[in-house]
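User: I'd like to learn how to read a protein–DNA interface and a small sheet. Can you walk me through it?

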2 protein chains.
Amino acid sequence: MCNDKCNNNIVIPTDDMIIELADTFKVFSDSSRIKILYSMINQEMCVRHISQKVNMSQSAVSHQLKTLKQARLIKYRKEGKEVYYSLDDEHIEKILNVVIDHIKEERNE
Amino acid sequence: MCNDKCNNNIVIPTDDMIIELADTFKVFSDSSRIKILYSMINQEMCVRHISQKVNMSQSAVSHQLKTLKQARLIKYRKEGKEVYYSLDDEHIEKILNVVIDHIKEERNE
DNA sequence: TGAATATATGAACAATTATTCATATATTAT
DNA sequence: ATAATATATGAATAATTGTTCATATATTCA
């Protein structure tokens, strides 16, 4: 019924899911945003500290945080004048790691 | 030495790796390319069949295959007039699945 | 060699996007 | 209320990118 050269048993995502996939990848596809994500691995970070750590203007960071927030890659918590951002969940770090694994394997071949 | 609010034990990727990460994500960040990738899960596909399956012009597909090839997301094999493309390795499907997992979890919250 | 088929590619155009600059909003302390 | 600090945001600009159209290259067959 179905041999190796056949992918009928694969569930092809719906068009909506394809678009959501592409949109999610797009948010990861900028080095500034990736640096920002790494800045808050394992720790909450306020905007000012992120700016310092990734060496970007406060405004540029804030714009990118908005993008990351809308894509639900990060969450935030307000405390006084400050806003603390952190990764949305463990998936985010996992996604980064899976792609790193791919890149590192490509290098050895 | 190092508590919960500290990420000193995390290896922050080098700037080069950050750029490679972003570039790799960028190649995934287009729905046409994602459709093309799905078209060849578990099977080699020639360009003409990909065009038909994803409903894109031959030229558009060929341009995108070049992008996917340069990023080493796919590999190819020539046979007569035809060129057969397939996913570079198992990482590619894994990367897609990890992001799908994230999207699906977000939906439930 | 010439025709037919499969794939690749260069140029051009429209659309998207990251940053900067200026300014707005929000919170706290005096 | 005012000043100071933290963050957000709108407009504008420069740069990047996906598709189309036309054409080039490569392979097979008659």
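**Reading the DNA contacts**

Analyst: Sure, and keep in mind that this model is predicted. Start with a base contact: a base nitrogen of DNA strand C sits 2.7 Å from an N or O atom in the side chain of S59(A).

User: What does a polar side-chain atom of S59(B) lie close to on DNA strand C?

Analyst: That one is 2.6 Å from a base oxygen of DNA strand C. For a backbone case, take V83(B): one of its backbone N or O atoms is 3.4 Å from a phosphate oxygen of the strand.

User: Which elements give two or more residues to the surface near DNA strand C?

Analyst: From chain A, α2 (31-39) and α4 (58-70); from chain B, α3 (47-54), α4 (58-70) and β3 (82-87). The largest share, five residues, comes from α4(B).

User: And how do the residues of that surface divide into nonpolar, polar and charged?

Analyst: Six are nonpolar, 10 polar and eight charged. On the DNA side, 64% of the strand C atoms within 4 Å of the protein belong to sugar or phosphate, and the rest to bases.

User: Now the sheet. In what order do the three strands of chain B come?

Analyst: The general idea first: strands of a sheet pair through backbone hydrogen bonds, either parallel or antiparallel. Here the order is β1-β3-β2 in chain B, an open sheet with antiparallel pairing. β1 (45-46) and β2 (74-79) of chain B stand at the edges with a single partner strand each, so one side of each has no neighbour in the sheet.

User: How many bridges join β2(B) to β3(B)?

Analyst: Six. As for V83(B) in β3(B), it is the bridge partner of K78(B).

Terms used
Residues are numbered from 1 along each chain as its sequence is written. Chains are lettered from A and ligands numbered from 1 in the order in which they are written. This is a predicted model: local features need pLDDT of at least 70, side-chain atom pairs count only at pLDDT 80 or more; totals for chains, interfaces and linings use all residues. Side-chain values use heavy atoms; hydrogens and water are left out. A residue is near a molecule or strand if one of its heavy atoms lies within 4 Å of it. A polar contact is a pair of N or O atoms within 3.5 Å; within protein, one must be able to donate a hydrogen and the other to accept it, and residues adjacent in sequence count only if both atoms are side-chain atoms. Helices (H or I, at least four residues) and strands (E, at least two) are DSSP runs, numbered from the N terminus. Ala, Val, Leu, Ile, Met, Phe, Trp, Tyr, Cys and Pro count as nonpolar, Asp, Glu, Lys and Arg as charged, and the others, Gly among them, as polar. Two strands pair if DSSP finds at least two bridges between them.
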